[in-house]
Amino acid sequence: MKTLEQEIRRCIEDGKKAFIPYIMAGDGGLDSLHEKILFLQEIGVTAIEIGIPFSDPVADGEVIQKAGERSIALGTTLRKVLYTLSSFKEEVHVPVIIMSYLNPILSIGATEFVEICQASGVSGLIVPDLPLEESALLAAVLEEKDIALIQLVSLTSSTERIKRIAENAEGFIYAVTVKGITGIRKGYDSDLSSYLERIKQNSPVPVLAGFGVSFPEHIEQLNHSADGVIVGSAIVDAFYREDRRMIQQLVDASIQRSNY
């Protein structure tokens with residue numbers, strides 16, 4: 001079992017739900033990455049997903065797209081993000097997940113990319129445009145490395161496909177909760193719980209729900225069926241507006257602190 005899955009399972013065994021915030025690397029400058037990670041670690045997140053800006057982010061909604069544009073304008077690259085992480089990795093005690101589209105990874109080269117990830121303390125990878133059928137491209141290089149290649153399941157996935165994804169799952173399964181791109185939303189379809197339960201019935205690893213998780217009520221709803229949540233646009237927007245209180249409230253809604 002890889003470190004990322006161990007940390008999520010430890011959270012669950014403690015009677016809590018996992019909470020993974022997404023932040024856009026380089027939004028506000030790469031110098032801010034250190035402070036943001038330490039802040040999130042301090043308020044009790046389970047792991048941290050770090051997005052890499054990309055010119056054609058097909059899965060990202062407006063908030064994350066704009067954050068990526070701001071980051072690219074400041075010269076952020078995948079290699080620079082990984083080297084920045086390596087400079088303070090001894091201070092980070094929660095798993096770090098890199099979310100990158102495939103092209104920036106291929107521009108470095110799969111083998112070198114994984115080596116730099118390992119040296120930078122990365123525990124997980126999410127590549128939204130790398131389908132299961134082509135995942136061997138990275139899985140072969142990640143073999144025997146303590147870096148989980150996280151698989152995504154969509155609302156339209158059949159039970160048979162969910163089973164195939166589950167057979168290859170590491171770390172956790174990322175259950176996409178909407179049909180479409182990321183972004184702040186008001187609510188979810190009423191049949192979402194049955195979708196999450198279907199994934200859990202077939203998954204040997206924890207199941208976390210993401211996309212559109214925007215308010216404490218969303219977290220409470222999803223945590224009835226999932227092992228935790230991934231929150232992206234709401235976190236990115238809160239950091240941009242310098243609203244740390246909102247981030248704290250979202251984390252508290254997940255780990256059920258008495259002061260929320």
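Here is a quick tour of this protein, from its overall build down to a couple of single residues. Keep in mind that you're looking at a predicted model. The chain has 260 residues, and its radius of gyration of 17 Å agrees with what a compact globule of that length would have, which is near 18 Å. In secondary structure, you get 12 helices and eight strands.

**Overall build**

- Put a box around the C-alpha atoms along the principal axes, and its sides come to roughly 40 × 40 × 35 Å.
- Buried residues make up 56% of the 260 in the protein.
- Take the contacts with a separation of 6 or more, and 75% of them link residues 24 or more positions apart.

**Surface and charge**

- The accessible surface adds up to about 11,400 Å², and carbon and sulfur atoms hold 47% of that.
- On the charge side, there are 24 positive and 36 negative charges, and the mean positions of the two sets sit 3 Å apart.

**Strands β4 and β5**

- Strand β4 takes in residues 122-126, and it runs parallel to β5, with three bridges joining the two.
- One residue pair to look up here is Leu 125 and its bridge partner in β5, Leu 149.
- Strand β5 covers residues 148-153 and is mostly tucked away, with five of its six residues buried.

**Leu 137**

- You'll find Leu 137 in helix α7, which spans residues 136-142.
- Leu 137 has a relative accessible area of 39%, so it counts as partly exposed; that class lies between the 20% cut-off for buried and the 50% one for exposed.
- Beyond its neighbours within four places in sequence, Leu 137 makes contact with Leu 102, Leu 106, Ala 110 and Leu 130.
- Measuring C-alpha to C-alpha, Leu 137 is 21 Å from Ser 120 in space, with their positions 17 residues apart in sequence.

**Ser 203**

- Ser 203 sits in the loop that connects helix α9 (192-202) with strand β7 (207-210).
- Despite that loop position, Ser 203 counts as buried because its relative accessibility is 14%, and the cut-off for buried is under 20%.
- Setting aside neighbours within four places in sequence, the contacts of Ser 203 are with Ala 166 and Ile 173.

Definitions and conventions: Residues are numbered from 1 along each chain as its sequence is written. This is a predicted model: local features need pLDDT of at least 70, side-chain atom pairs count only at pLDDT 80 or more; totals for chains, interfaces and linings use all residues. Side-chain values use heavy atoms; hydrogens and water are left out. Helices (H or I, at least four residues) and strands (E, at least two) are DSSP runs, numbered from the N terminus. The radius of gyration is taken over C-alpha atoms; the globule rule is 2.2 Å times the number of residues to the power 0.38. Buried means under 20% relative accessible area, exposed over 50%, partly exposed in between (1.4 Å probe, protein chains only). Contact means heavy atoms within 4.5 Å. Accessible areas come from the Shrake-Rupley method with a 1.4 Å probe; for residues, only the protein chains shown count as cover. Lys and Arg count as positive and Asp and Glu as negative; His and the chain ends are not counted. The place of a charge is taken as NZ of Lys, CZ of Arg, CG of Asp or CD of Glu. Two strands pair if DSSP finds at least two bridges between them.
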